[in-house]
Amino acid sequence: MKRFYIIGFLVLMAFDTLAQLSFKMAGESALPLEFSPAWLVRVFGQPWIYGAFVGYIGAFFTWMSLLKHAPIGPAFAASHLEIISVLALSYWLFNEPIGWSQIIGCLFIVAGIMCLAVSETPEAAEQTS
């Protein structure tokens with residue numbers, strides 16, 4: 001079951017990351033921002049917008065599958081791991097700066113996930129199985 005959680009959360013993180021990065025790329029490709037038919041054509045003419053759709057749909061179904069088995073506290077916390085992956089990939093792909101506040105925030109996310117995972121009692125884990 002532990003292997004299921006690890007693989008499931010990695011897949012969830014991958015779909016969430018794909019969605020966020022694709023949405024950013026689609027938005028940047030559709031500039032300037034204006035609500036007009038020409039802008040909508042620019043948005044939906046970008047392949048990145050479809051990557052965002054795939055990411056969001058994949059994340060939804062992965063999340064629903066995980067919720068059938070995973071304890072809700074650690075699952076909810078772990079679902080926010082994409083914040084860290086998006087931050088790291090945005091640094092690499094878009095040359096976005098990473099400051100100390102982002103690094104500290106990432107550490108808090110990981111610490112929160114670890115605290116919730118450790119606090120999950122064996123009885124609660126058995127009830128979700």
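**Note on the predicted all-helix model**

1. The mean positions of the 5 positive and 8 negative charges lie 7 Å apart. Lys and Arg count as positive, Asp and Glu as negative; His and the chain ends are not counted. Each charge is placed at NZ of Lys, CZ of Arg, CG of Asp or CD of Glu.

2. This is a predicted model, with local features needing pLDDT of at least 70 and side-chain atom pairs pLDDT 80 or more, while totals for chains, interfaces and linings use all residues. Residues are numbered from 1 along each chain as its sequence is written, and side-chain values use heavy atoms, without hydrogens and water.

3. The protein has seven helices and zero strands. Helices are DSSP runs (H or I, at least four residues), strands likewise (E, at least two), numbered from the N terminus. The radius of gyration is 17 Å, well over the 14 Å of the globule rule for 129 residues, so the protein is more spread out than a compact globule. That radius is taken over C-alpha atoms; the rule is 2.2 Å times the number of residues to the power 0.38. The C-alpha trace spans about 55 × 35 × 20 Å along its principal axes.

4. Phe44, Tyr50 and Phe53 form one aromatic cluster. Rings of Phe, Tyr and Trp (its six-membered ring) pair if their centres lie within 6.5 Å; planes under 30 degrees apart are stacked, over 60 edge-to-face, the rest tilted. Phe44 and Phe53 are stacked, at 6.5 Å and 25°. Tyr50 and Phe53 have centres 6.1 Å apart and planes at 65°, so this pair is edge-to-face.
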